[in-house]
Amino acid sequence: MIDCAVHLANDTEVAGFHMEDIGCDAIHGDFVRNVLIRDNIIRNATVAGVFLLDPSGNITIRNNVIESAGVVSIEFLMSKGAASLVIENNALLRPIGDQIAMAVFGDANLSAQIRNNNFSINAIGSNVFLVVANKARADVVLERNLFHQPGDDGVTINLLNDAQLRASIRNNTFTAAGGDSIGIELRDSSKAAIQVANNNLRDASLASIYAETFDTSNLCMQILGNTVNRDMELFHNAGS
């Protein structure tokens, strides 16, 4: 076992590596800008396949195989600045937790495109888990992905504390989620505009689409053209 195999610097490309049995994160970057991670094979990282803390600029993760991560395939934490994130054409296979976990909070502003990825099986997490909190702003597109057999939701979205999100979830296939295919929760005074369009949502243990708002949060949803075989459940809780 070895510690983090690659420590990123600014304006870095990491390509063509085969990494196995990594003792920490396979690829790790703190406060880096303008990074391309492509065409790598990563297996059995103890923590994350890719971990990024407060990146900025253009971040692209493309054409990688990340298999059997001990916690999460790709983890992205952002508390300040602006970043444009593209995650595309990856195979994210059998982590213990989430395939993609993103937390955006504070003064951060994130634009993310997550497309054409294969998410296959995890034990206890979601295929994509997104938290936007504490006045952060995010604009996220998930399209043409295959979400298969997560332990929890296919896509989980949580907003807290005056966060704002604009999202489009379109042209994806969801199968056999352990929770909801798509689960959305807003709290406090957070606001979101979310489109769910032309997805195939099949065989979730719970709902095809579940959305719940609390307090004075505001959710505007457009739901159209989806194929579902479980309920769609929408709730609002005004609080005390």
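Contact here means heavy atoms within 4.5 Å. With that in hand, let us walk through this predicted model, starting with a residue whose surroundings rest on that definition.

Asp25 sits in the loop that links β3 to β4 (27-30). Setting aside neighbours within four places in sequence, Asp25 is in contact with Cys4, Ala5, Val47, Ala48 and Phe51. Is Asp25 buried or exposed? Its relative accessibility is 4%, and since buried means under 20%, Asp25 counts as buried. For a sense of distance, pick out Ala192 as well: the C-alpha atoms of Asp25 and Ala192 are separated by 32 Å, with the two positions 167 residues apart along the chain.

The strand just before that loop, β3, leads us into a sheet. Nine strands make up this open sheet, in the order β3-β6-β9-β12-β15-β18-β21-β24-β27, and their pairing is parallel. β3 (18-20) and β27 (227-228) are the edge strands; each has a single partner strand, so one side of each is left without a neighbour in the sheet. At the β27 end, strand β24 (residues 200-202) pairs with β27 in the parallel sense over two bridges. There, Leu201 stands opposite Val228 in β27.

Another open sheet of nine strands follows the order β2-β5-β8-β11-β14-β17-β20-β23-β26, and here too the pairing is parallel. Its edges are β2 (12-15) and β26 (218-224), each with a single partner strand, so one side of each is left without a neighbour in the sheet. From one strand to the next, the twist averages 5 degrees. Within this order, β11 (residues 82-88) and β14 (residues 109-115) run parallel and are joined by seven bridges. If you would like a pair of residues to find on screen, Leu85 stands opposite Ala112 in β14.

Next come β16, β19 and β22. β16 and β19 pair in the parallel sense over six bridges, while β19 pairs with strand β22 (residues 182-186), again in the parallel sense, over five bridges. Ile157 is a handy residue to follow here: it is the bridge partner of Leu130 in the first pairing, and it stands opposite Ile184 of β22 in the second.

Leu130 and Ile157 also bring us to a cavity. How many cavities of 30 Å³ or more does the structure hold? There is one, and about 30 Å³ of space lies in the largest cavity. Its lining is formed by Met102, Val128, Leu130, Val140, Leu142, Val155, Thr156 and Ile157. Which strand gives the largest share of that lining? β19 does, with three residues. β16 (128-133), β17 (137-143) and β19 (155-160) each supply at least two lining residues. By class, the lining has seven nonpolar residues, one polar residue and no charged ones.

Our last stop is Asp180, found in the loop between β21 (173-175) and β22. With a relative accessibility of 9%, Asp180 counts as buried. Not counting residues up to four places away in sequence, Asp180 touches Asp152, Asp153, Gly154, Ala204, Leu206, Ala207 and Tyr210. The C-alpha atoms of Asp180 and Ile114 are separated by 19 Å, the two residues being 66 residues apart along the chain.

Notes:
Residues numbered from 1 in each chain as written. Predicted model: local features only at pLDDT ≥ 70, side-chain atom pairs only at ≥ 80, totals over all residues. Heavy atoms only, no water. 1 Å grid on protein atoms, 1.4 Å probe; cavity = no way out; pocket = protein on both sides within 12 Å on 5 of 7 lines; lining within 4 Å. Points joined across faces, edges and corners; volume = space filled by probe spheres on them. Helix = DSSP H or I, 4+ residues; strand = E, 2+ residues; numbered from the N terminus. Nonpolar A, V, L, I, M, F, W, Y, C, P; charged D, E, K, R; others polar. Pairing = 2+ DSSP bridges. Axes fitted to C-alpha atoms, helices over the stretch in contact; angles between N-to-C directions. Buried < 20%, exposed > 50% of the residue type's maximum accessible area, 1.4 Å probe, protein only.
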